[in-house]
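Reader: I'd like a close look at one part of this model, the packing in its interior, with a few individual residues to anchor it. Could you walk me through that in one go?

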Amino acid sequence: MIRKKIFNNTATAFKLKSDLELDRAIFLFSMMNRQRLVKAGTFLTKFSLKLHLPVEGMIKKTIFEQFCGGIHKEDCKEVITEMHEEKLHSILDYSVEGKETEEQFDAALEKKLSLIKFADKKAELPFSVFKPTGIGRFAIWEKVTEKVSLNEA
């Protein structure tokens, strides 16, 4: 039933998007469908960021705008409200992973907890999500997945 209501009704699914935004999305996804281009783009992006080249604006105008509502929770309020007015819900996803120090894990945990508290007060944000790899080493989650017993260390 839900599949019929949501996924088969493109007028409803995309009513908050302008024709220009939809054209950009189609173009972006068609580029992302080219594996060699994605690999080259990923490499060049990481390399450019490492060299501190001015590519952040391009990233923000393409990938970021397609998948993110903002950098901070305050940035997202307008989109969250607009979506909720159309009976659509949002999630605040602090997507961080690959960190290694306890301080980094603690900071990510605090950020997630603050987002959960923020969402708790808003009907527009019915649930929260997070990547466990943002609050603990990947190797630990790998062991958990493989059902390996963990010790205190």
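**A close look at the packing**

Author: Let's start with a single serine: not counting residues up to four places away in sequence, Ser48 touches Leu53 and Val55. Ser48 is found in helix α4, and it counts as buried because its relative accessibility is 12%, with the cut-off for buried set at under 20%.

Before going further, keep in mind that this is a predicted model. The mean pLDDT of the protein is 87, with 95% of its residues reaching 70 or more. Helix α4, where Ser48 is found, has the highest confidence, at a mean of 94 over residues 35–50. At the other end of the scale is helix α1, residues 2–6, where confidence is lowest, at a mean of 57. Where pLDDT is low, the predicted coordinates should not be read in detail.

Now for the core itself. Which residues make up the largest nonpolar core? There are seven of them: Cys76, Ile80, Leu92, Leu115, Phe118, Ala119 and Leu125. Two helices, α6 (73–85) and α7 (102–120), each supply at least two residues of this core, and α7 gives the most, with three. As a general point, nonpolar side chains in soluble globular proteins tend to be buried together. Take Cys76 from that set: leaving aside its neighbours within four places in sequence, Cys76 is in contact with Gly69, Gly70 and Leu92. Of these partners, Leu92 is itself listed in the core.

Just ahead of α6 there's a residue with another kind of setting. Ile71 lies in the loop between α5 (56–67) and α6. Is Ile71 buried or exposed? Ile71 is exposed, because its relative accessible area is 53% and the cut-off for exposed is over 50%. Ile71 still has company: not counting residues up to four places away in sequence, it touches Lys60 and Phe64. Leu53, one of the residues Ser48 touches, is 18 residues from Ile71 in sequence and 20 Å away in space, C-alpha to C-alpha.

On the other side of α6, in the loop between α6 and α7, you'll find Lys99. Lys99 counts as partly exposed, because its relative accessibility is 32%. Setting aside neighbours within four places in sequence, Lys99 is in contact with Gln104 and Phe105. Phe138 is 39 residues from Lys99 along the chain, yet their C-alpha atoms are separated by 8.7 Å.

What about empty space? Searching the whole structure turns up one cavity of 30 Å³ or more, and about 30 Å³ of space lies in the largest cavity. Its lining is made up of Tyr94, Val96, Ala108, Lys112, Phe130, Lys131, Gly134 and Ile135. By class, that lining divides into five nonpolar, one polar and two charged residues. The two charged ones are Lys112 and Lys131, if you're thinking about electrostatics.

Finally, an open site: the second largest pocket has a volume of about 160 Å³. Ile140, Lys143, Ser149, Leu150, Asn151, Glu152 and Ala153 line this pocket. Its lining has three nonpolar, two polar and two charged residues.

Notes. Residues numbered from 1 in each chain as written. Predicted model: local features only at pLDDT ≥ 70, side-chain atom pairs only at ≥ 80, totals over all residues. Heavy atoms only, no water. Core = buried A, V, L, I, M, F, W, Y, C linked by side-chain atoms within 4.5 Å. Buried < 20%, exposed > 50% of the residue type's maximum accessible area, 1.4 Å probe, protein only. Helix = DSSP H or I, 4+ residues; strand = E, 2+ residues; numbered from the N terminus. Contact = heavy atoms within 4.5 Å. 1 Å grid on protein atoms, 1.4 Å probe; cavity = no way out; pocket = protein on both sides within 12 Å on 5 of 7 lines; lining within 4 Å. Points joined across faces, edges and corners; volume = space filled by probe spheres on them. pLDDT = per-residue confidence, 0-100.
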